[in-house]
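The exercises below are meant to be worked through with the coordinates open, and each is followed by a solution that goes step by step.

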Amino acid sequence: LSIAGLIKHMAFVEERYSRIHLQGLAPGPPWDAVDWSVDREWDWRSAVDDEPDERLALWYDAVARAKAVRAGVDPAAPAALTTDDG
């Protein structure tokens, strides 16, 4: 258990609920390349290999997409991922 793993895991949680559950879409990168049946802890385990900025960007992007979905905006539209709250 690490902060790095927690950040990456929370990025996956945001992605899973907004993209998979709410939109009914397949997971996007990097989640789509993981064989979850073989490595159910991939998000936690692989986080130590990520650069900190890369890991935070993964989480911020997932949160922005989730907010867009909940607001009823197409998260694929570039303007949907801009926020006033940083």
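A residue counts as buried under 20% relative accessible area, as exposed over 50%, and as partly exposed in between. The model used throughout is a predicted one.

**Exercise 1.** Classify Trp-42, Trp-59 and Tyr-60 by relative accessibility, and then describe the ring pair that Trp-59 makes with Tyr-60.

*Solution.* Begin with Trp-42, whose relative accessible area of 17% is under the 20% limit, so that Trp-42 is buried. Trp-59, at 28% relative accessibility, falls between the two limits and therefore counts as partly exposed. Tyr-60, at 47%, is likewise under the upper limit of 50% and counts as partly exposed. Turning to geometry, a pair of aromatic rings is described by the distance of the centres and the angle of the planes. The search of the whole structure finds five aromatic pairs. In one of them, the ring centres of Trp-59 and Tyr-60 lie 5.3 Å apart with the planes at 50 degrees, so this pair is tilted.

**Exercise 2.** Determine how the rings of Trp-36 and Trp-42 are arranged, and identify the aromatic cluster to which they belong.

*Solution.* The centres of the two rings are 6.0 Å apart and their planes make an angle of 85 degrees, an arrangement that is edge-to-face. Following the cluster further, one finds that Trp-36 and Trp-42 are joined in it by Phe-12 and Trp-31.

**Exercise 3.** List the residues of the largest nonpolar core, and state which helices each supply at least two of them.

*Solution.* The core has seven residues, namely Ala-11, Phe-12, Trp-31, Val-34, Trp-42, Leu-58 and Ala-62. Both α1 (3-22) and α3 (52-70) supply at least two residues of this core. Taking Ala-11 as a probe, and leaving aside residues up to four places away in sequence, its contacts are Trp-31, Leu-58, Trp-59 and Ala-62.

**Exercise 4.** Compare the span of α1 with the expected value, locate its kink, and say what covers its buried residues.

*Solution.* With 20 residues, α1 reaches 27 Å from its first C-alpha to its last, which is close to the 28 Å expected. A kink of about 30 degrees is nevertheless present in α1, centred on Arg-16. The buried residues of this helix include Ala-4, Gly-5, Lys-8 and Glu-15, and their cover includes α2 (42-46) and α3. Just after α1, Gly-24 takes a positive phi of about 70 degrees.

Terms used: Residues numbered from 1 in each chain as written. Predicted model: local features only at pLDDT ≥ 70, side-chain atom pairs only at ≥ 80, totals over all residues. Heavy atoms only, no water. Core = buried A, V, L, I, M, F, W, Y, C linked by side-chain atoms within 4.5 Å. Buried < 20%, exposed > 50% of the residue type's maximum accessible area, 1.4 Å probe, protein only. Helix = DSSP H or I, 4+ residues; strand = E, 2+ residues; numbered from the N terminus. Contact = heavy atoms within 4.5 Å. Expected span 1.5 Å × (residues − 1). Bend = angle between axes of the 7 residues up to and from the residue. Phe/Tyr/Trp six-rings, centres within 6.5 Å; stacked < 30°, edge-to-face > 60°.
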